[in-house]
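Subject: Structure handover

Hello,

The structure is below, with notes on what was found in it after that.

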Amino acid sequence: MALPKPMWLLSKLSQGHQKSKNIRTLEFSSLPGDPSKAYTTYGPEKTEGNLNPKDAPKAVDADEEDDDLFGSDDESEDEDAKKKREENLAAYKKKKEGKTKPAAKSIVTMDVKPWDDETDMKELEQNLRAIEIDGLTWGASTLVPLAFGIKKLQVNLVVEDEKVSIDDLQQQIESDEDHVQSTDVAAMQKL
C-alpha cells in the first residue's frame with residue numbers, strides 16, 4: 001500500500017535522520033580515548049603550528065631588511081650627484097628662459113549689421129578698418145544679403161588673444177552708431 005506524499009516524505013526524513021545519527025555514533029565510538037576529556041589531552045605535547053595565525057610571531061628574513069627598492073631617505077646623497085643635479089636644473093632653466101612661446105592667435109569671422117538698406121556700407125567698412133589695435137589684423141570682407149535688401153558686412157580678422165579682447169573690439173565697432181546696429185561673432189577658431 002502506497003503512503004500519501006506527505007507521509008512518504010516524513011518517513012524518508014525520519015529514516016535519514018536515523019541513519020545520520022548512527023553514522024555519528026559509529027565514527028566517534030571507534031576512536032580511542034574518553035569523550036568526556038578535553039581534546040587537548042590527546043596528541044603531542046608541543047605543536048609546531050599555532051592555533052590562531054594572527055597570534056603567531058612575525059618572522060623577519062635578513063635578506064628582506066637589506067633590500068631597499070625605492071631608496072631610503074636616511075642615506076646621504078653624494079656631493080657629485082648634488083652638483084650634477086644643480087647644474088642640470090640651471091641649464092634647464094636657462095634653456096626655458098631663452099624660448100619664447102608663440103602668441104596665441106584666433107581667426108574671427110564677424111558680422112556687422114547696419115541700421116537699414118540706405119546705410120553706406122563702404123563708409124561703414126572704412127570706419128571699421130580705421131580701428132587699429134596692437135595684435136589686430138583685418139582680413140577679407142564681403143557683403144552678405146540679410147533681408148529686405150539689407151546686406152551685412154562679414155569681415156575676417158586675426159587677433160592675438162592676450163592683446164585684443166573681442167568684447168572690447170565689438171564695443172568699439174558698435175560705437176559707430178550712425179552706421180552699425182549690432183555685431184556678432186559668426187565663427188572663431190584658434191590658430
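Helices (H or I, at least four residues) and strands (E, at least two) are DSSP runs, numbered from the N terminus. By that rule the chain has five helices and four strands, and their order along the sequence is α-α-α-β-α-β-β-α-β.

This is a predicted model, in which local features need pLDDT of at least 70 and side-chain atom pairs count only at pLDDT 80 or more, while totals for chains, interfaces and linings use all residues. Residues are numbered from 1 along each chain as its sequence is written, and side-chain values use heavy atoms, with hydrogens and water left out.

Burial: of the 191 residues of the chain, 16% count as buried (under 20% relative accessible area; exposed is over 50%, partly exposed in between; 1.4 Å probe, protein chains only).

Core: the largest nonpolar core (buried Ala, Val, Leu, Ile, Met, Phe, Trp, Tyr and Cys residues joined through side-chain atoms within 4.5 Å) has 18 residues, of which M110, L136, W138, L157, L169 and I173 touch the most other members. Two or more residues each come from β1 (105-114), α4, β2 (136-147), β3 (150-160) and α5 (166-174). The largest share, four residues, is from β3.

Helix α5 also holds Q170, which counts as buried because its relative accessibility is 14%. Q170 and S182 are 12 residues apart in sequence, and their C-alpha atoms are 8.5 Å apart in space.

Helix α4 (residues 121-129) contains E123. E123 counts as partly exposed because its relative accessibility is 34%.

Regards
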